[in-house]
Amino acid sequence: MPETITVPRTKPKLETERPRLHKVILVNDDYTPREFVVTVLKGEFHMSDDQAHRVMITAHRRGVCVVAVFTRDVAETKATRATDAGKAKGYPLQFTTEPEE
Ligand code: TYC
């Protein structure tokens, strides 16, 4: 019986790759009160009042603002919780996620 030689197709990884990070993005709308956006940013993302104001006003002026980066699960959980906080008050506040390049 002829001998079978198996050749590995990929180089074994020498280092463990870091998980890809995902951005949480705050999206502007015309209805959510500014102070409410600031309160959610402080509560869910542990920002100072000053940081939260800057992020809120950037989204207000430019349409979107990156809030922070996390591993995918954490980013999605935080974006969902923050969006749900707005929904609970009847606001259309939206936090989305996208992978970092
Ligand atoms: N544009 C809103 C207003 O004028 C405030 C706001 C800012 C809402 C940022 C959402 O992501 C947002 N009341």
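In this predicted model, a nitrogen atom of the ligand sits 2.8 Å from an N or O atom in the side chain of N28. That is a good place to start your tour, and two backbone partners can be added to the picture. An oxygen atom of the ligand has a backbone N or O atom of V27 at 2.8 Å, and a polar backbone atom of T32 lies 2.9 Å from a ligand nitrogen atom. The surface figures go with these contacts: the ligand taken alone exposes 350 Å², and the protein buries 89% of that.

Let us now widen the view to the whole shell. Around the ligand you will find L26, V27, N28, D29, T32, R34, V37, M56, A59, H60 and L93. By character, these shell residues split into 6 nonpolar, 3 polar and 2 charged. Which elements supply at least two residues each of this shell? They are β1, covering 21-27, α1, covering 34-45, and α2, covering 49-62. The largest share belongs to α2, with 3 residues.

T32 deserves a second look, since its backbone has already appeared beside a ligand nitrogen atom. This residue is placed in the loop between β1 and α1. Is T32 buried or exposed? T32 is buried, because its relative accessible area is 10%, and the cut-off for buried is under 20%. The side chain of T32 has a partner too: one of its polar atoms lies 3.5 Å from the backbone nitrogen of L93. Setting aside neighbours within four places in sequence, T32 is in contact with V37, Y91, P92 and L93. Two of these contacts, V37 and L93, are listed in the ligand shell as well.

From T32 the path leads on to L93, which is found in the loop between α3 and β3. With a relative accessible area of 2%, L93 is therefore counted as buried. Which residues does L93 touch, if those up to four places away in sequence are not counted? The list runs through L26, V27, D29, T32, F36, V37, V40, A82, T83 and G86. Several of these, including L26, V27, D29, T32 and V37, also surround the ligand. One of the listed contacts, V40, is 53 residues from L93 in sequence, and the two C-alpha atoms are 10.0 Å apart in space.

T83, another contact of L93, has its place in helix α3. At 10% relative accessibility T83 is below the cut-off, so this residue counts as buried. Beyond its neighbours up to four places away, T83 touches L93, Q94 and F95.

Next, follow α1 itself. This helix has 12 residues and spans 16 Å from its first C-alpha to its last, close to the 16 Å expected at 1.5 Å a residue. Its buried residues are F36, V37, V38, V40, L41, E44 and F45. What do these buried residues pack against? Their partners are β1, α2, β2 (64-71), α3 (72-88) and β3 (94-99). Among the buried residues of α1, V37 is also part of the ligand shell, while F36, V37 and V40 are touched by L93.

Just after α1, the backbone does something worth a pause: H46 takes a positive phi of about 55 degrees. This positive value occurs in a residue other than glycine. H46 is placed in the loop between α1 and α2. At 65% relative accessibility H46 is over the 50% cut-off, so it counts as exposed.

Finally, turn to the segment before β1, where both P19 and T16 are found. P19 counts as exposed because its relative accessibility is 54%, and T16 counts as exposed because its relative accessibility is 77%. How far apart in space are P19 and R61? Their C-alpha atoms are separated by 32 Å, with their positions 42 residues apart in sequence. For T16 and K89, the C-alpha atoms are 43 Å apart in space, and the two residues are 73 residues apart in sequence.

Notes. Residues are numbered from 1 along each chain as its sequence is written. This is a predicted model: local features need pLDDT of at least 70, side-chain atom pairs count only at pLDDT 80 or more; totals for chains, interfaces and linings use all residues. Side-chain values use heavy atoms; hydrogens and water are left out. A residue is near a molecule or strand if one of its heavy atoms lies within 4 Å of it. A polar contact is a pair of N or O atoms within 3.5 Å; within protein, one must be able to donate a hydrogen and the other to accept it, and residues adjacent in sequence count only if both atoms are side-chain atoms. Accessible areas come from the Shrake-Rupley method with a 1.4 Å probe; for residues, only the protein chains shown count as cover. Helices (H or I, at least four residues) and strands (E, at least two) are DSSP runs, numbered from the N terminus. Ala, Val, Leu, Ile, Met, Phe, Trp, Tyr, Cys and Pro count as nonpolar, Asp, Glu, Lys and Arg as charged, and the others, Gly among them, as polar. The expected span of a helix is 1.5 Å times one less than its number of residues. Buried means under 20% relative accessible area, exposed over 50%, partly exposed in between (1.4 Å probe, protein chains only). Contact means heavy atoms within 4.5 Å.
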